[in-house]
Amino acid sequence: MARWSVVWITGASSGIGRVLAVQLAKAGAKVAISARSADKLAEVAASQAGIFAFPLDVGDASATEATVAAIEAQLGPIDLAVLNAGTWDPMSATDFSAARANASMQVNYVGHANGIEALGPRFMARKTGHIALVSSVAGYRGMPQAAAYAPSKAAVISLAESLQPDFARHNVTLSVINPGFVATPMTAVNQFPMPFLMPVDKAVDRIVVGLTKRKFEIAFPWPLVTMLKIMRVLPYPMYFWVAKTFLTPKRKG
């Protein structure tokens, strides 16, 4: 495993963020963790030496800047930032809400953008650093029941593609992490089949390997990734038939 000295992880109170924080702290990194819940962050920090809690609402740009400054003042320059904060709100045409769509975008996309704004100038000035944006395979194409979630994740993928060449010129690594279904509190609410559901510890292992190799895209599990990438290039009539036939939940009765 690569030896990062100081790591910052958002969305670290549960799920992928929490397990990743513990794993990296056990490997010797000083890990700063952020989320809105101070109580949950304190619990994570108490569970493993080397983890430090910095409560934050990632949707607040000025608070994000202040948090990055506080982390670096206390722990030293950040080597790796995993912008992982996210929310899942199932939504379709029948219950569409612009307010809910905006709320998802604020966490899943704007929260990442705020992190980049705070980190980017520091990393480019130092000509080192690694930023990882957690998106989802749901960002590959518009998905039924994901009218709030999929667009926000697609925006993160596009953001990473847009920024990678500029960051690379400054010797800053940018990665986008696209997991499939992972067994976390976020997916526990789902009432539909989740193909290739992966335990969270195995998902984190995949993420750490990809980060160590400084890969641009870290996507898993490969069978689901392959299927969705094929659907990404299907003509609209074919894709909408697949979505209607296989992806749209069946009506009861």
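A crossing of two helices is right-handed if the near helix is turned clockwise from the far one by less than a right angle, and left-handed if anticlockwise. The exercises below apply to a predicted model.

**Exercise 1. Describe the packing of helix H1 against helix H6, including the hand of the crossing.**

Solution. Start with the geometry: H1 (residues 15-26) and H6 (residues 200-212) pack with their axes 9 Å apart, at an angle of about 65 degrees. The crossing of H1 with H6 is right-handed. Next, list the residues that meet. H1 contributes Gly15, Ile16, Val19, Leu20, Gln23 and Leu24, and H6 contributes Val200, Asp201, Val204, Asp205, Ile207 and Val208. Sorted by class, this contact of H1 with H6 holds eight nonpolar, two polar and two charged residues.

**Exercise 2. Classify the orientation of H4 relative to H5 and give the make-up of their contact.**

Solution. Helix H4 spans residues 98-126 and helix H5 spans residues 149-169; the angle between them is about 15 degrees and their axes lie 8 Å apart. Angles under 35 degrees count as roughly parallel. H4 and H5 are therefore roughly parallel to each other. Their crossing is right-handed. On the H4 side the contact is made by Ser104, Met105, Asn108, Tyr109, His112, Ile116, Gly120 and Met124. On the H5 side it is made by Tyr149, Pro151, Ser152, Lys153, Ala155, Val156, Leu159, Leu163 and Phe167. The contact of H4 with H5 comes to eleven nonpolar residues, five polar and one charged.

**Exercise 3. Repeat the analysis for H3 and H4.**

Solution. H3 (residues 61-75) packs on H4 at an angle of about 40 degrees, with the axes 7 Å apart. H3 and H4 are therefore oblique to each other. The hand of the crossing of H3 and H4 is right-handed. From H3, the residues Ala61, Thr64, Glu65, Val68, Ala69 and Glu72 take part; they meet Asn114, Gly115, Glu117, Ala118, Leu119, Arg122 and Arg126 of H4. The classes in the contact of H3 with H4 are five nonpolar, three polar and five charged.

**Exercise 4. Which residues other than glycine, one in the loop after H4 and one in the loop after H5, have a positive phi, and how accessible are they?**

Solution. Take the loop between H4 and strand S5 (130-134), where lysine 127 is placed. Lysine 127 has phi near 55 degrees, which is positive. Its relative accessibility is 49%, so lysine 127 counts as partly exposed. Now take the loop between H5 and strand S6 (173-179), which holds asparagine 171. Asparagine 171 has a positive phi near 65 degrees. At 52% relative accessibility, asparagine 171 counts as exposed, since exposed means over 50%.

**Exercise 5. Is the peptide bond from phenylalanine 220 to proline 221 cis or trans, and where does proline 221 lie?**

Solution. Omega of this bond is near -10 degrees, and the bond from phenylalanine 220 to proline 221 is cis. Proline 221 sits in the loop between strand S9 (217-220) and helix H7 (222-232).

**Exercise 6. Compare the radius of gyration of the chain with that of a compact globule and describe the fold overall.**

Solution. For 253 residues, a compact globule would have a radius of gyration near 18 Å; the chain has 18 Å, so the two agree. Along the principal axes, the C-alpha atoms fill a box of roughly 60 × 40 × 35 Å. Of the 253 residues, 47% are buried. The chain has eight helices and nine strands. Among its contacts between residues at least 6 apart in sequence, 64% join residues at least 24 apart.

Technical notes
Residues numbered from 1 in each chain as written. Predicted model: local features only at pLDDT ≥ 70, side-chain atom pairs only at ≥ 80, totals over all residues. Heavy atoms only, no water. Axes fitted to C-alpha atoms, helices over the stretch in contact; angles between N-to-C directions. Helix = DSSP H or I, 4+ residues; strand = E, 2+ residues; numbered from the N terminus. Parallel < 35°, antiparallel > 145°, perpendicular 65-115°, else oblique. Contact = heavy atoms within 4.5 Å. Nonpolar A, V, L, I, M, F, W, Y, C, P; charged D, E, K, R; others polar. Rg over C-alpha atoms; globule rule 2.2 N^0.38 Å. Buried < 20%, exposed > 50% of the residue type's maximum accessible area, 1.4 Å probe, protein only.
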